[in-house]
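Work through the exercises below with the sequence and the structure at hand. Each task is followed by a solution in steps.

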Amino acid sequence: MSGNTITQDVAAVGERTGTTRGASVTHHRGASVTHHRAARELGLRRSEFDLAVHLGRVRTVPDDAGGGRRVPRDEIDRVRAADGFPEALRAAVRAVGTTEGAALMDVTTARFTRLARLGLLVPVRFYVNRYRAVVWLYLAEELQQFSTDERNTALLKGRTPEGLRDQLGEGLDLRPRNWRGRHLGFLLRQADDPWARAAAVASLLDAAEISDVVTDPYERTHLRRFRPARATHGSPGSPAAQLAEEIVTAGDPDEVDWLRSDLAAAVATARRHRPAPRPATHGVPRPPGPESLPRETAKPVPPEGENAAPRPARQPGRLSGLFGRLWRRDS
């Protein structure tokens, strides 16, 4: 299974579920609670709760007061009424690193890392530690499912096939790409507006790629309004922040091409739904020039002198002199 397949499958799931989960645009504050309150009522740590939302285990809705997303009361009741609560929910959001994951699968950490680099194990989260190393986290539930599937026995116990070994020798590492695919699925599930869906795709591309696809500056500005916030890793400009920025930005040429195509299609859909706002243009009347006057009144005025005809009075609303020429030129 390639990383490209995993990425596209996850994004497709997000697209299919985004419309249904985002059907409710607003929700009354009295019928919903904050993430912090919801985590406490569900018996989860905040990191566990965030992952539950990320995975679609807990549904959220936009706040009608513009204060971020909230959790409906009836959603909390639904989760609490599920079989095996709360142990089943905690097990579903349990994330482990390489060492613990290898122990769960009964393999060495080296084999576990090879499987992850080949795209067979998909990370659900990452962070940069104090040694500036990327730490990947995986769902324990998914690792156990992989290890109990008989079709994977050869990968877990046998020698890695030669073709896969060659790819690893060439530096193949699909962990960042597979994380981006999974993250995009999450962003699409949270998107309640066609422009927000387009901004979710754009969030994985660098600014140059976005400008190349979305050539209208007003549409790019509108996309930035919906751009999801990126998780921070270290202070801005630090090595940790730069490393995290590389991970969250698509780099593989085929992945970039795929995202560019999706972005173009998403913007076209959003444009049909509601064009990006543009500044209002109010027509300013241009002062009449000689070319707009009747031909007989556009004659040159003789030079001033003793025999010169009196200068006609300035017409109301006319601008003359240097200021008038500047005004007409800038109009």
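**Exercise 1: the open sheet**

In this predicted model, three strands form an open sheet in the order 1-3-2, with antiparallel pairing. Find which strands stand at the edges of the sheet, and what packs on the sheet.

Solution.
- Step 1. Strand 1 (32-33) and strand 2 (61-62) each have a single partner strand, so they stand at the edges and one side of each has no neighbour in the sheet.
- Step 2. Strand 1 and strand 3 (residues 69-72) run antiparallel and are joined by two bridges.
- Step 3. Within this pair, Val 33 lies opposite Val 71 of strand 3.
- Step 4. Helix 4 (residues 73-80) packs on the sheet and touches strand 1 and strand 3. The direction of helix 4 makes about 55 degrees with that of strand 3.

**Exercise 2: helix 3**

Determine which residues of helix 3 are buried and what covers them.

Solution.
- Step 1. Apply the cut-off for buried, under 20% relative accessible area. In helix 3 (46-54), Glu 48, Phe 49, Leu 51, Ala 52, Val 53 and His 54 are buried.
- Step 2. The cover over these residues includes helix 2 (35-41), strand 3, strand 4 (95-96), strand 5, strand 6 (134-139) and helix 11.
- Step 3. Just after helix 3, Gly 56 has a positive phi of about 80 degrees.

**Exercise 3: the largest pocket**

Describe the space in the largest pocket and its lining.

Solution.
- Step 1. The largest pocket holds about 990 Å³ of space.
- Step 2. Of its 33 lining residues, His 183, Phe 186, Leu 187, Pro 228 and Ala 229 are the closest to the centre.
- Step 3. Elements that each supply at least two lining residues include helix 3, strand 5 (125-128) and helix 11 (175-190).
- Step 4. By class, the lining has 16 nonpolar, eight polar and nine charged residues.

Methods: Residues numbered from 1 in each chain as written. Predicted model: local features only at pLDDT ≥ 70, side-chain atom pairs only at ≥ 80, totals over all residues. Heavy atoms only, no water. 1 Å grid on protein atoms, 1.4 Å probe; cavity = no way out; pocket = protein on both sides within 12 Å on 5 of 7 lines; lining within 4 Å. Points joined across faces, edges and corners; volume = space filled by probe spheres on them. Helix = DSSP H or I, 4+ residues; strand = E, 2+ residues; numbered from the N terminus. Nonpolar A, V, L, I, M, F, W, Y, C, P; charged D, E, K, R; others polar. Pairing = 2+ DSSP bridges. Contact = heavy atoms within 4.5 Å. Axes fitted to C-alpha atoms, helices over the stretch in contact; angles between N-to-C directions. Buried < 20%, exposed > 50% of the residue type's maximum accessible area, 1.4 Å probe, protein only.
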